[in-house]
Structure formats: C-alpha cells, structure tokens
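Trainee: Hi, have you got a moment to walk through a model with me?
Mentor: Sure, pull it up and ask away.

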Amino acid sequence: MRQTQVAHRSGLRDEQQRLYAPCRARCPVHIDVPGYLAAIGEGRFTDALEIVLERNPLPSVCGRVCLHPCEDGCRRCLLDDPIAIAQLKRAAADFGVYPRPEHPRLRPEKIAIVGSGPTGLTAAHDLANRGFQVTLYEEKPLLGGTMRYGIPNYRLPDYALDRDIDYILSAGIAVNTGIRVGRDVMLDELAASHRAVVITAGLQGSRALPIPGVDSPRVLTALPFLEASSRGEDVDLGNRVVVVGGGNVAMDVARTARRQGASDVHVVCLESSDEIPASPQEIHDADIEGITLHYSWGPRSISHEAGTCALNTVRCTSVFNAEKRFAPSFDESVAECFEADTIIFAIGQSADVGDLGIALTSRGAPQIDPLTLKTSIGNVYAAGDVVSGPTKIIDAIAAGHRVAATAYRDITCDTEPLRLLDEEIDALGEVPDTMANKLETRRRIQMEHLEFFDAVKTFDEIEGGYTEYEAAREAQRCLSCTTGARLTREKCSLCLTCIRVCPHGAPILSTDGYVYFDAAACNACGACQSQCPSQAIVLEGHSEQEMSRRVERQLWAAEMDTTLMFACSSTPIVPNLGGTPPRIITVTCLLRVSERTVLEALQNGATRVVFAGCVESTCRFLHARELVRQRSGHIEVLLSRIGMTNAFDFVEHKADDLDWHLR
Amino acid sequence: MIVVRQKPVDEICAFVTRHRRVLLVGCNTCAAVALAGGEKEVDLMAELLRLATSRKASFVEFSGTVLTRQCEPEFLEQLDSEGYDAILSMACGAGVALLASSVDVPVYPALDTLFIGAAQGLASWEAECSACGQCVLGRTAGICPITRCAKGILNGPCGGVSDGRCELGDRDCAWVLIFQRLEKFGRSKEFLEIAEPQDHSLRTRLVTWDAHEDGIR
C-alpha cells in the first residue's frame, strides 16, 4: 500500500506554487526561463523570443555574452550539466521573429538618455514603451557602448548587436550619435529641455598603474585598444604582448591581441589562480588559444630598450587583507621580468563623467541618492556601471529597468512597475532524491565552434550557435521547474488519480484530507493533468484553450483531405505518411493532447488526426508512454463507436538509434 | 463508493438525436472519482456527441455542466436547465432518478451503475457490497459472500470450487477466501456455524428509509 505523507515536506505550502525556478530567481531581470525553454522545446522560437523580450530587450547580445548566473542555479547541475540557458536565448533570437512594436499613446514628456550601453538602451526601451518621447545621446558614431566597442567581435559580432538595437529603436526612440553631453551639449540644457535625463554613460576611462615607465607609446590601455580593434583597425603590437590584469576584460584583450597578430601573449595578474576574477570559461578559452597566464605578480616598473619594453614585477603574497579589502602585499625578494613589444593594461575601468557638472563621488562616479537614483540635479538620474562600477551586462539591464521605473514613478506617480521590481522572490529547492533517481542522464549539447587554430586568425564569431533541432533538444533537457501542476481545490473531487499516476510523488494526500502538490518534485510531465476527471489540475504554460487555438490556426482553410499531426517534440523524425503533407502541431508530450482536442480537430475540418510518438531514447517522460498508448486506444474506441474507424492513428517509432549523434 | 461506467456512445446517441438542445450534467462525487462523469468526461462526451451527430447531418446543440452531487435536491436547485429539451445525466442511477423527477424534460442516463466498490489502483475497482440491508461481514471476516460469491450463498463453499477458484472461472471462491482469513485470525471454528436465511424483502420492499421514523435521529 502506498504510504502517504504529511504535508510538511520541503516547504510544502500553497504559496510554493508561486515560487520561481532557481534560474529565474537568479536572473537579475527574472526572465521566465522555464517558459521560453518550453517554447523552444516545441520549436516555437518566436514565442520564446517574446517571453525573453518581456524582461530583456537584448536577447541576441545576452544569448552570446551573458555570464548566465541562471545556469549556476539550474537544478540539473546536480544530475549532469546545467541547461545552456544563455545559448538557447541566442537560438530564440536567431530563429524567432522580433515582434512589431506596440506604439502606446504618446505622452507629452520628453526624456533624454545619455549613453547607449545596456542600461541606456533598456531604460530607453522601457520609457518609450510607456509612451514617453525618448532621445538617446551617444558620443560614439554607433549605438551599443561597451557591447559594440568593448566586447570583441569574435564573441559578439556587430550584426547580433544591431538586431537587438533595431528592435529597441523600433519602439520609437530618437537617436543623437556623435554628441558628447558635457562637451557638445551641456547637461543643464538637457535637464531644462527634458522632463528627465538619465545618465547611463558606463565606464569609459581606462586606467594604467602609476608606475615608472608607464607613459610610453608601447604601453596601451584596454578600452582604446579594444575599440580600435572592434572598428577593424590594425594595431601594431609586435610579436610579444603582455596584458596586465586578471578580469574578463584582460582575457578579451589578450585574445584580441592574439587576433591582432601577436603570437606570444602573456597575461600577468596580481591574483592567484584561486582568486582570479575572470570567469573559468574565459580562462579556459584563453588557454586553448595559447595565452599564458602568470599568477601572483605585482607590476613595479616598466623599463624600455630599443623598440621593446619589459614589465618588472615582484611576487604578490596576498591580494586581500583580513577584512577582505583590496590591500596587496608583496615579497620584494622574488622578482620576475616579462619582456614585451607591447604592454596593455586591463586593470579596470572608471567613470568618465567629470565634464557633466554634477556632484561626483571620490571614485569619480555620479553621486546619487540610492532610493531615488537622482544626482545632484533634480531631474537627472544616473544608473548602470557609471554608478555601480563594473557589473555583468544582465545587471546593467536590470539597472536600466529600475531607473526607468523610478523615473516613471516620479513623473506619473504610478508605483506599480517599481513595486513589481521589488517583489520578493523565493527559489525552488533542490531536486529531491526520489525524483533524481528516476531522471535519466542527458548531457548538454555542445555548440559547433571554430577550432582555436582557425579562431585566432580572424575576428569571426567563434560559436556557431545551435541549429533549430539542437536547440529544441537542448531545451528539452529542462526540468520545467515551477511550471508543473497546480490544483484548484474547489474543483478537486479527491479521486486520488493524480497520486496514482505521478512517478515522483509530487501530489501528496495530507492528513487534513486534501491533496497538495510539492513543486520541488514536479517536472511538469502532465500525467496528472491528463487524467484528472474534474479538470482541477492545470499546467502552467499549457491550457486546453491554447491548444484549441493552435488547432484552429493549423486547420484554418482546411482542405478536403487534411491530416493534422500532433508530433511529440522529442520525436527525432516526423514520420512520412505519404500523400499530402500533414499539418503539424509540435507538443511537449502527447499527453498534453486530450481526447477532446482530437475530437475537436476532427469536428473542425481535419479528416484524420495522427499522433507521432517519440522513441524511448529521446523520451522526456518515460512513464507517460503507457498513458499515451492508453489514450490512443481510448480515442480509437470512441471513434469506432461513431463509425469513424480511420480517423485516428498513432505512429510510434521502433528504432532507437535515430538520435545517436546527439547522445 | 458507487462505481459507474460510461454507456457505449451509440446507445447514448440514440437517446439524444431526437432533440435540439441537450444539456449534459456531470456529477463531481462518485461518478467523477470513477473517471466517468466528472468535468473532463462531460466535455469529452459533448465533443463526441457533436462529432457523432454532425456526421449524421443532424443538428443538435450540446452544452455541459457539473454538479457536486446529483443525488441531493439542494445541488439540483443550482442546475439551470432553461431552454434545453433534454438532459443527459452523467451520474449513477440515483442521480439520474432524482434529476428526472426535478425537471420537466426527458433525462437520459449516460452511465451504467455497476456496484458499490473500492478502488484497487488507477482506474480499477472491485465490487465489495450489494446493499442487502443485513450486513454479514462480521461473521465472514470482511469478505462479502453475497457480492463476491457467484451464487451469493450464505453457507459456502458450494461444490463448484476447485483449487480455490469458482467454477465460473472469473474469480476466486469467496468462501475459500473467507475461510483463509478466519483461520488467519484463529476464528476457523466460526466457519462451521450455519447462517440463517436473509430477509429478501429488505431488498425488494425497502424503497425509502427515514431516520426519524426509525427513531435513530
């Protein structure tokens, strides 16, 4: 007899049904990750793109270069590999169609945004979508800020960035490029002529260390070098280049130097290999491109000889003091000299907003009130890296949303957008063992990429992106956290069918006589929903109404002989039925196609309905296979009773090796 | 609970095709739990009947609704059957009967009422009780011979048992099961006691029961 459990397991509460999946909770802008992965899994890339765009107007960019904090939280991490959440965002942007803008009623207020990096673009997009007349001011000839001039083209090519920018500008944003606020136009003029001004200038100043010999033409700083490279200029570096710094920018600089013709590139950093701030992926990529890392060396001086120079360093014994503050200490007796043709400093960027005429902090950043985000001028806001120092792109996007919501509140007194940003978020816990034991190992699908010996010759994009098929397969690895079953207790007839069909024990009969769902144990297979006699269970992201709409769209102008095929998204090959090609609806699992949906399709013009099932090796929900077979049998019986014997068919693959190349 | 099963749809079709607007009424208690008369089945039946009737070029309109229990007048008061010229009840016989007595249009059953039974697992039930009105389970170790024995005899087994199976071949002999369970609890002596015949009038004549008349409440 099945042992039922008391309803106090792993935070089992009603409000748990409003939990976020860990990926979504960790994303600074809380993109509905399970939602867009489900759409990609069904091959609906445009739907996926729209879901991403609700929270992030830069999917093409983030799909390539986001540092994906979401993936660290993925509940699949403990089973095998996290889902390639960021790269699938790229697939959504690659294969989906960007929606047309919905022009809201235009408001009279004008807003100026200074700087067109991720924060500025996001804020401009948000405000334009709320009806404001937004103008972007950008010093450089093209929009994008660091994304265009800082991130090298082999990681983020211009076409990918332009795709997002075109979408953002389609909201109706005026653009003034080549204008530096503080030089070509004064900030107080802007503040006077606009209802609000938002400074999102980012970090434009590149620093070098104040050590002897640094003022040499053989010594460069990171940002001007990266900018020149991204413009396609040839920079004469010589053969041997030493990059100073341990962050991701240092890795970008080193790899860019490699592509600028330097064959011998070294990175010298203060930190040890455990402390280095660059992401492991970046370090790995630099390593395979033949870049040597030298840990724990502190630069002391630069000496020059005919045409070459040398970086003189001493051993750094520790970078941080007991209070975890940056306070390096050195052992002067251990010294090392790195000879180089060119030395490039990539030790951090700083704000360059001195000419704006607003109050600055000691670091040179605009001084703002943390609650109102206002600077010393009343209607001038500042946000993004210029205020916070270097962050991830996705953090900068979050800052853009916040400053837009703040300005919106100040102008309209509507606090709703800001309240939504401040909503508390709870993340779903780990996969319970009972569930983990029943899940199959599915390793992450690796993307096609240029081999390093080819990659270092050009600035061509290294990662080739997923194909549509690979993207769908990868997305299907998702455990669909928090998108599973929800019970409407008023409708529940307590038949306990859900408890009997769930393989993971997600529905629980509590001692108070009710059924509860443990969201942590649900992977949204839909078995309970498909069997519930009272229709008291719904799956998030799936509804009978939506399925009816999809059927209706497919059967629009159906011909005399129209076959409608429901294909399981895990089907490696859509079966060839002969005759006119069928109209196909791809579904996460055939269990989501109810008997009623099939009958409705036949009623609405389909001559025949076919279920195309998956094979066992690709099946996401093995326990659902028997239920699908039962359902098919039931449909056949029902139809034969009303004299429609050939109106339904269930095609199941027998061969199991169809998908071998992805396993 | 009362275990029910859907009638073949051609039988139901024969009822409803002579009408114009038919209301399907589900029952969210036993019939839903028996996976035969809940909201899902009501929706499915309506769709099936639409398909069946439209293929025969007859135009019948079907709508569906679900009551918590069809065997209670108060729940039936919630039913709005205005404008329908027939009702298809997806409840047990009791629900159909009470519904039929409370409306002025024909009420047809969509289900067959099978037995009083217990769930064995997913979509599977076993008959446990025949509502004889004189429960004998106390002396038969909780196994009902009237329901489980093909002959319904009170003193068994008969001569048709072999290797513990009934001669019908579809079931274990109820009396062998009773003996085994009595023996397990050291009560095998009770097996030899002869049971008096039941009062079958309780089955045929007991058409109403009022707790107040009996003085129980």
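**Chain A and its cores**

Trainee: How much of chain A is buried?
Mentor: Of the 663 residues in chain A, 49% are buried, meaning that 20 or more other C-beta atoms lie within 10 Å of a residue's own (12 or fewer is exposed, in between is partly exposed, and C-beta atoms are placed from the backbone). Keep in mind that this is a predicted model, where local features need pLDDT of at least 70, side-chain atom pairs count only at pLDDT 80 or more, and totals for chains, interfaces and linings use all residues. Residues are numbered from 1 along each chain as its sequence is written, while chains are lettered from A and ligands numbered from 1 in the order in which they are written.

Trainee: How many helices and strands are in chain A?
Mentor: Chain A has 24 helices and 23 strands; these are DSSP runs numbered from the N terminus, H or I of at least four residues for helices and E of at least two for strands. The radius of gyration of chain A is 29 Å, close to the 26 Å from the globule rule for 663 residues, so chain A is as compact as a globular protein of that length. That radius is taken over C-alpha atoms, and the rule is 2.2 Å times the number of residues to the power 0.38.

Trainee: Nice. Which residues touch the most other members of the largest nonpolar core?
Mentor: Among its 203 residues, those are Ile40(A), Ala92(A), Val198(A), Ile199(A), Ala31(B) and Met90(B). Such a core is a set of buried Ala, Val, Leu, Ile, Met, Phe, Trp, Tyr and Cys residues joined through C-beta atoms within 7 Å. Helix α15 (residues 393-412) of chain A supplies the largest share of this core, 11 residues.

Trainee: And what's in the second, separate core?
Mentor: That one has 39 residues, including Met251(A), Val265(A), Ile276(A) and Phe338(A).

Trainee: Switching to α7(A): mostly covered or mostly open?
Mentor: Mostly covered, with 11 of its 12 residues buried; His125(A) and Asp126(A) are among them. After α7(A) comes Gly131(A), with a positive phi near 100°.

Trainee: Over in chain B, where is Val176(B)?
Mentor: Val176(B) sits in helix α7 (residues 174-184) of chain B. Val176(B) is partly exposed because 17 other C-beta atoms are within 10 Å.

Trainee: What does Val176(B) touch?
Mentor: Leaving out residues up to four places away in sequence, Val176(B) touches Pro157(B), Val161(B) and Gly164(B), where a contact means C-beta atoms, placed from the backbone, within 7 Å.

Definitions and conventions:
Two residues are in contact if their C-beta atoms, placed from the backbone, lie within 7 Å.
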